[in-house]
Amino acid sequence: MVDTPIVSEALQKDFRDNFPSQVNSGRDLHVSDVIVPVVDFSTSTAISGLEASLQQAMDFNITPFDVSNATTTIISTTGFFRVMALFNAQPLGPSTGAIQMNDSSTVKILFSQDYLHNGSGNGIQDQFVDFIVFLKAGVTLEATSSTTNLSVIGSSRQIADISGTLVNPDGYTGS
């Protein structure tokens, strides 16, 4: 095999610029060296499919919930879910609401809202949350409300399965 230097000054300069540690090796590119081409498809893949905010859009397959004076399981399947909820408290006395994960032995509170109404005053207090949660096997998402004075109202939609495969909005026909 013949070890012939490459005479293209432009190719030699690119090599020296991209591999500075090789410059002092005493060798430039030679014909016997192997050049592995790298093709960058990032610009092509960035424009195909949906951007995240569109992929996570609510659609007709949402699962609504409205919890008052109870603890209710709102999601019991595995995967990634977008959840939007409103904590709505009437000024009739103290109340607490929460959205929590439960694995049957431990409860992890994701959001909690305490209202310290003393029964006087007026006005409704609201708190809105919008988040993404991952549920593994055996874990459920619950909404809880301590009294009829507080409702946790919202909806959820699965945006990816447990493996991370995206679930596009219902009816989306793009590629």
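The following dialogue looks at strand 3 of a predicted model and at the terms used to describe this strand.

Tutor: In this predicted model, local features need pLDDT of at least 70 and side-chain atom pairs count only at pLDDT 80 or more, while totals for chains, interfaces and linings use all residues. Residues are numbered from 1 along each chain as its sequence is written, and side-chain values use heavy atoms, with hydrogens and water left out.

Student: Why is N88 called buried?

Tutor: Buried means under 20% relative accessible area, exposed over 50% and partly exposed in between, with a 1.4 Å probe and protein chains only. N88 has a relative accessible area of 15%, so N88 counts as buried.

Student: What makes strand 3 largely enclosed by the rest of the structure?

Tutor: Strand 3, residues 79-89, is a strand in the sense of a DSSP run of E with at least two residues, numbered from the N terminus. Eight of its eleven residues are buried, so strand 3 is largely enclosed by the rest of the structure.

Student: How do you know that strand 3 pairs with strand 8?

Tutor: Two strands pair if DSSP finds at least two bridges between them, and strand 3 and strand 8 (residues 150-160) have ten, in the antiparallel sense. Within this pairing, F81 stands opposite Q158. Strand 3 is also joined to strand 6 (residues 125-135) by eleven bridges, again antiparallel, and there A85 stands opposite V129.

Student: What makes the link between the side chains of N88 and D126 a polar contact?

Tutor: A polar contact is a pair of N or O atoms within 3.5 Å; within protein, one must be able to donate a hydrogen and the other to accept it, and residues adjacent in sequence count only if both atoms are side-chain atoms. The side chains of N88 and D126 are joined at 2.6 Å.

Key: Helices (H or I, at least four residues) and strands (E, at least two) are DSSP runs, numbered from the N terminus.
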